[in-house]
Amino acid sequence: MPRTRSLAWSELKIGVLGIIALALTAALVFSVGGQAGLFSWQRIKLKTTFDDVRGLKEGAVVRLAGVEVGKVSDVSFGDKGVDVMLEVNDDMQSRITTESTASIGSLSLLGEPIIDITPGRGGTPIPDGGFINPGRSPSAISDVAASANRGLEEATRLLESVREGKGTIGKLFTDEQLYREINAFVGAAENVATQLNSGRGTLGRLVQDPAAAKSLEASLANLEAITRQINAGEGSLGRLLKDDAIAKSASSAISNIDTLTDQLNKGQGTAGKLLKEEELYNRLNSLAGRIDSLTKALNDGEGTAGRLLRDQQLYENMNAATNELRGLISDIRKDPKKYLNMRVSIF
């Protein structure tokens, strides 16, 4: 009888251990397959497409707003890239809408790739077998490394250009002439600063001499006073700016000038005819031509007047005749009876 009870207790222990093993197996299946992993009929299938899946494999985790909601069921090449089939819990269907996007993420910085789905704020839920628009995936560590590599290459080329003396910075490091010019400029600036500090020159006196500063302040005060008087309409400039009568007079003068200019352009008046009439211009031109001809003839000694200007003998003869005539007139005045002798005879 005791032996029989012992065998029953051994069999009971084996049964308990079997139940525990089945429970552990079920828990393991649930942990590997995701939530409700044994109940695949409670999931919906969705599809998306990527140009590069970055090592994404079947069985990868699918997350919605960071929460695990499914897994990747298939990864294969398609017509427009790499097609990825997803299995998602059906109770999440209302959160995955036409405004949702799918992107390739990572469990950690160096972890395996997963699918991240953004929940839709609007739109309509995607049906079973529908398509999720792919979104922009965050940069992977390889992309960061490639970008860093390109940056290092650019920095290397820049340093090579500097060493070869290319560009402004390269010339600054390699051109001795530029170095000397910059050094001379710095020395000149230092000399100017020294002179300012010692009170030399106009700026130096202005900085160091209180009298010069006061004189400048007085000049600025006078300028301010003059500006205030002008704004108040005082003085000639102030009246010119503020007095309406002067403004009207200036406007009238400008109007008269405009009228005169308009008359000249229309050919009215003597000046206008001189500017516009061709006949008057030709007559003046002809008169100028004749005056030029007459002047040329006089200079060449042609004609009486020209010979009088150019012939020395004729000038001397005329001068002698004038002297003789002057002497005759003088003699007549002295003794008129000698030259004015009148005889009267009666027949």
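1. Start with a pair of charged residues: Glu-87 and Arg-43 are both buried. Their side chains meet in a salt bridge, with N to O at 3.9 Å. Glu-87 sits in strand β4 and Arg-43 in strand β1, so this pair ties together parts that are 44 residues apart in sequence. Bear in mind while looking at it that this is a predicted model.

2. Staying with Glu-87 for a moment, its relative accessible area is 16%, under the 20% cut-off, so it counts as buried. What is Glu-87 in contact with, leaving aside its neighbours within four places in sequence? The list is Arg-43, Ile-44 and Lys-45, then Val-69, Gly-70, Lys-71 and Ser-73. Its own strand, β4, covers residues 82-89.

3. The structure has three salt bridges, and another one also links β4 with β1. Here Asp-83 pairs with Lys-47, and the closest N and O atoms are 3.7 Å apart. Asp-83 belongs to β4 and Lys-47 to β1, so parts 36 residues apart in sequence are tied together. Asp-83 is buried, at 14% relative accessibility, while Lys-47 is partly exposed at 30%.

4. The remaining salt bridge brings Asp-116 and Arg-63 together, at 3.1 Å from N to O. Asp-116 is in strand β6 and Arg-63 in strand β2, so this pair ties together parts 53 residues apart in sequence. Asp-116 turns up again in the strand pairing: it is the bridge partner of Ser-103. That match is part of the antiparallel pairing of β5 (residues 101-106) with β6 (residues 113-117), which are joined by five bridges.

5. Now for the sheet itself. In what order do the seven strands stand? Reading across, it goes β1-β4-β3-β2-β6-β5-β7, an open sheet with mixed pairing. β1 (43-50) and β7 (133-134) are at the edges with a single partner strand each, so one side of each has no neighbour in the sheet.

6. Two hairpins are worth a look. β2 (residues 61-64) and β3 (residues 67-77) run antiparallel and share four bridges, with Val-61 opposite Lys-71. Two residues lie between these strands, and Ala-65 in the turn has a positive phi of about 55°. β3 then runs antiparallel to β4, joined by seven bridges; Val-75 has Val-84 as its bridge partner. This hairpin has four residues between its strands, and Gly-81 in the turn has a positive phi of about 150°.

7. On the surface, look for a nonpolar patch made of Ile-169, Leu-172, Phe-173, Ile-182, Phe-185 and Val-186, which together have about 630 Å² of accessible area. Helices α3 (167-174) and α4 (176-198) each supply at least two of its residues. Phe-185 is in α4 and counts as exposed, with 60% relative accessibility.

8. For the chain as a whole, there are 13 helices and seven strands. Buried residues come to 16% of the 347. Of the contacts with a separation of 6 or more, 49% are between residues 24 or more positions apart. The chain exposes about 26600 Å², with carbon and sulfur atoms supplying 57% of that.

9. Lastly, how much confidence does the model carry? The average pLDDT is 77, and 85% of the residues score at least 70. Over residues 33-40 pLDDT stays under 50, although the model has 16 contacts beyond four places in sequence for them. Where pLDDT is low, the predicted coordinates should not be read in detail.

Key:
Residues numbered from 1 in each chain as written. Predicted model: local features only at pLDDT ≥ 70, side-chain atom pairs only at ≥ 80, totals over all residues. Heavy atoms only, no water. Buried < 20%, exposed > 50% of the residue type's maximum accessible area, 1.4 Å probe, protein only. Contact = heavy atoms within 4.5 Å. Areas by Shrake-Rupley, 256 points an atom, 1.4 Å probe, with all protein chains shown as cover. Pairing = 2+ DSSP bridges. pLDDT = per-residue confidence, 0-100. Patch = residues over 30% accessible without salt bridge, like charges linked within 9 Å, V, L, I, M, F, W, Y side chains within 5 Å. Salt bridge = Lys/Arg side-chain N within 4 Å of Asp/Glu carboxyl O.
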